[in-house]
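Please read the notes below alongside the sequence and the structure. They are meant for someone who has not looked at this entry before.

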Amino acid sequence: MEMSELESKYRQWYSKKKTITIALFIVSLGLSFGSIFIVKFTGLTPNIVWDIIVTHLNGGTYDVFYYDLIIWEYYTPRAIMCIIAGAGLAVGGAMMQTLMRNPLADPYTTGVASGASFGAALSIYLGIAIIPTGSNQMDITINAFFLSLIPTAAIVAISKRKTITPTTMILAGIAIMYVFRASTSIMTLTASPESVESLYMWNVGTVSSARWDNIWIVTITVLTSCIGLYALCSKVTIMTSGDRSARSMGVNTTVVRVACLLLIAFQTAMIVSFTGTIGFMGLVAPHVARIFVGSNLKYLVPASAVCGAFILICCDMVAKGLTSGLPVGVITSVIGGPIFIILLIKGAKKVWY
Amino acid sequence: MVSDLEMEYRAYTFRKLIIIFVFLIGIFIAAGISLSINGMDIGFWDCYNYVWNHIIGTEYELRTPEWRADYMLWNIRLPRIIMAIIVGIGLASCGVAMQSLMSNPLADPYTVGISDGACFGAVSAIVMGFTLTTALSSMGVVISAFIGGLIPAIIIIILSRIVNLTPATAILVGIALSYIFSGMETVVMTSTDADTLKAAYLWQIGTLNGATWEKCLIPAIITAVCSAFLLFSSKNLNLLVLGDESAKSLGLNVDQFRFLCMIVVSVTVAALVSYVGIIGFVGLIIPHVIRMIVGANTKFLIPASMLGGALFLLVADLISRTVVYPDELRVGLVASIIGSPIFLYIILKKKQRYGEVF
């Protein structure tokens, strides 16, 4: 049977989107590999870096301990973390924006970041650990993870009510976020300046804390929940037409919404508790992706993931190469902001509505 | 003859007026209680008596108990109450205006990046060595915060004149700007020592502590102008909610009106933030709560939100002063902590679906 004109047009359009996404994916992988080579350390030439990576891939260890430590133990997980965190935050953002039908939503909309920060503050200011592990860093991470899930749990609990709309859900999220932030600030009033500083630094998003022994758990969580979200995305797309029409088309809106919220919260909490709040990524990457592929989640989710990974890896390269160790969260804001504004003005006449 | 419909409309208007009146009484009572917690056993009515006597020009003999009471109430308690009322009015009405201008229920007075700009300004001033202790240097922080707060607003206003920004895009640009400024703020913060960092961090949490008549003056004038403007343009704000196209077809010059509103709102918010820091909750949540009570007609929504904001901030300030007396919490924190549960409760109790059509 011959394809109709409309169908062939659609196929063409679809394959163009696919090509863009795949191309960007390959570029990001390449960049992330390339970012390992950006080392501000005398003696570590690209040749040696290459040697170290090859040695490790063959199962050996490089004989200069410090070189080995920096490249294999610090920079390689860091490059992977950029890809994972960028993709995870962006997918969370894309889903959240569609789910809440609001261009301002991001993975932190339900209060994940404020919960995490509160958890970190409990540990840093008061020394309270939910599961005491003996290691300070580990306590902070575990606290942050568990407390960042509380706001979402509250949202999920109220989202089952019939009178709840996406708007009220976001507003409830913001209200809970205010409570957590205020509680953190109350502790700050009496805390010592040094601990205020360390909490502040914890909050600024950074990927430099990535190591082999924490990267695997983040990777597994983010991959699993991204796959879960992708499986739900056709239903969420239907839900953009309003809850009632979605129900009449056989979508169980409550279940889909709760499942999405939980998956997003889970992966975001995992990312945040290891990297701190990398702001802006979850908001911007989906919008940039939207400029290229439109708002259908089937294309938007993969495209956002790739965009997120690409942006974060670029920002981290800037952070590593051009500055003296500024956290990547600062770079995403200060450089990503203006670029985003230019994109918005130039390309996005009908990005959202 | 008055038709049934007209009667009904009058009754409807009357109900809204009653609500507004209730808010006024609430403010009077809250202010009175706030005055009467003074550590000198001066009762509710006596406090108002002192204030009235001061206004009509009664003089007391130096260092008598009456003189001391008058001095305390007039110079220490009252400016703080007035400041709470001013800030409440300003933030809540700007919140309503912003939500209508941007046609987005998540918009608040800080949406276009004013708060982060102001923080950046204040933090840079503090890090550069201005302190909050002396009058001159505290003025330096205020001015720097004000300028910082206006920068993102000016960028947005100029951009919206050059290219045709839709409200949704304008908000996104605003968020991008606020991220840029908070990023730069982080750069400044990380470059300083721990003590300065804490001082700068605390500046951001809103407080009404240390309000004086001099400090009230500028916010009062700006807020008064802003409120008058918003009250008179409430009809136009109503039209904006219908969408730009419909508003245009009804004869409103949308671009010009939005431009004007943005200027008024930005200047007001920047001025308030630079004096009291960032008080979050009021500008976003109070308009929503009031909208649930009186409906979305801006003609009633704006005055009711103003009074509601003022009342809420007065009560929050009252609690922040008394709960750990003689120490005090900061009003921004109390506003969040008492406001959020109330707001959640209202959302959950609400019978109709709210926000389906904004």
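The points below go from confidence to the chain contact, then to helices and single residues.

1. Confidence. This is a predicted model. The predictor gives the complex an ipTM of 0.80 and a pTM of 0.83. For chain B the average pLDDT is 85, and 95% of the residues score at least 70. Among the elements of that chain, the lowest mean pLDDT, 83, belongs to α7(B), and the highest, 92, to helix α8 (residues 213-232) of chain B. As a general caution, where pLDDT is low, the predicted coordinates should not be read in detail.

2. The contact between the chains. Chain B contributes 49 residues and chain A contributes 45 residues. On the side of chain B that touches chain A, at least two residues come from each of α6 (167-190), α7 (194-203), α12 (281-294) and α14 (331-349) of chain B. The most is given by α6(B), with 16 residues. Sorted by class, this side of chain B has 32 nonpolar, eleven polar and six charged residues.

3. The nonpolar core. The largest nonpolar core has 229 residues, and within this core Leu313(B) and Leu314(B) touch the most other members. What does Leu314(B) touch, once residues up to four places away in sequence are not counted? The list is Ile27(B), Ala30(B), Ala31(B), Ser34(B), Ile81(B), Ala84(B), Ile85(B) and Gly88(B).

4. Helix α12 of chain B. Is α12(B) enclosed by the rest of the structure or open? Eleven of its 14 residues are buried, so α12(B) is largely enclosed. The buried residues are Phe281(B), Val282(B), Gly283(B), Leu284(B), Ile285(B), Ile286(B), Pro287(B), His288(B), Val289(B), Ile290(B) and Arg291(B). They pack against α6 (166-190) of chain A, and also against α3 (65-102), α13 (298-322) and α14 of chain B. The length of α12(B) is as expected: at 1.5 Å a residue the helix should span 20 Å, and its end C-alpha atoms are 19 Å apart, which agrees. Just after α12(B), Gly295(B) takes a positive phi of about 90°.

5. Helix α3 of chain A. This helix covers residues 65-100, 36 residues in total, and reaches 50 Å from its first C-alpha to its last, close to the 52 Å expected at 1.5 Å a residue. Where does α3(A) bend? The bend, of about 30°, is at Tyr75(A), and Pro77(A), a proline, follows within four residues. Of the 36 residues of α3(A), 26 are buried, and the helix is mostly covered.

6. Arg101(A). This residue comes just after α3(A) and belongs to the loop between α3 and α4 of chain A. Its phi is positive, about 50°, although Arg101(A) is not a glycine. Most residues other than glycine have a negative phi. Arg101(A) has 14 other C-beta atoms within 10 Å and is therefore partly exposed.

7. Phe280(A). A second positive phi in a residue other than glycine is found at Phe280(A), where the value is near 80°. Phe280(A) lies in the loop between α10 (253-275) and α11 (281-293) of chain A. It counts as buried because 29 C-beta neighbours lie inside 10 Å.

8. Ala105(A). The loop between α3 and α4 (112-126) of chain A also holds Ala105(A). Is Ala105(A) buried or exposed? It counts as buried, because it has 26 C-beta neighbours inside 10 Å. Not counting residues up to four places away in sequence, Ala105(A) touches Met96(A), Gln97(A), Met100(A) and Ile170(A). Its C-alpha is 8.7 Å from that of Gly282(A), although the two are 177 residues apart along the chain.

9. Val254(B). This residue is in helix α11 (residues 254-276) of chain B. With 17 C-beta neighbours inside 10 Å, Val254(B) counts as partly exposed. Leaving aside neighbours within four places in sequence, Val254(B) is in contact with Asp244(B), Ala247(B) and Lys248(B). Val254(B) and Pro65(B) are 189 residues apart in sequence, and their C-alpha atoms are 58 Å apart in space.

Conventions
Residues are numbered from 1 along each chain as its sequence is written. Chains are lettered from A and ligands numbered from 1 in the order in which they are written. This is a predicted model: local features need pLDDT of at least 70, side-chain atom pairs count only at pLDDT 80 or more; totals for chains, interfaces and linings use all residues. A nonpolar core is a set of buried Ala, Val, Leu, Ile, Met, Phe, Trp, Tyr and Cys residues joined through C-beta atoms within 7 Å. A residue is buried if 20 or more other C-beta atoms lie within 10 Å of its own, exposed if 12 or fewer, and partly exposed in between; C-beta atoms are placed from the backbone. Two residues are in contact if their C-beta atoms, placed from the backbone, lie within 7 Å. Ala, Val, Leu, Ile, Met, Phe, Trp, Tyr, Cys and Pro count as nonpolar, Asp, Glu, Lys and Arg as charged, and the others, Gly among them, as polar. pLDDT is the predictor's confidence in each residue, from 0 to 100. The expected span of a helix is 1.5 Å times one less than its number of residues. The bend at a residue is the angle between axes fitted to the seven residues ending there and the seven starting there.
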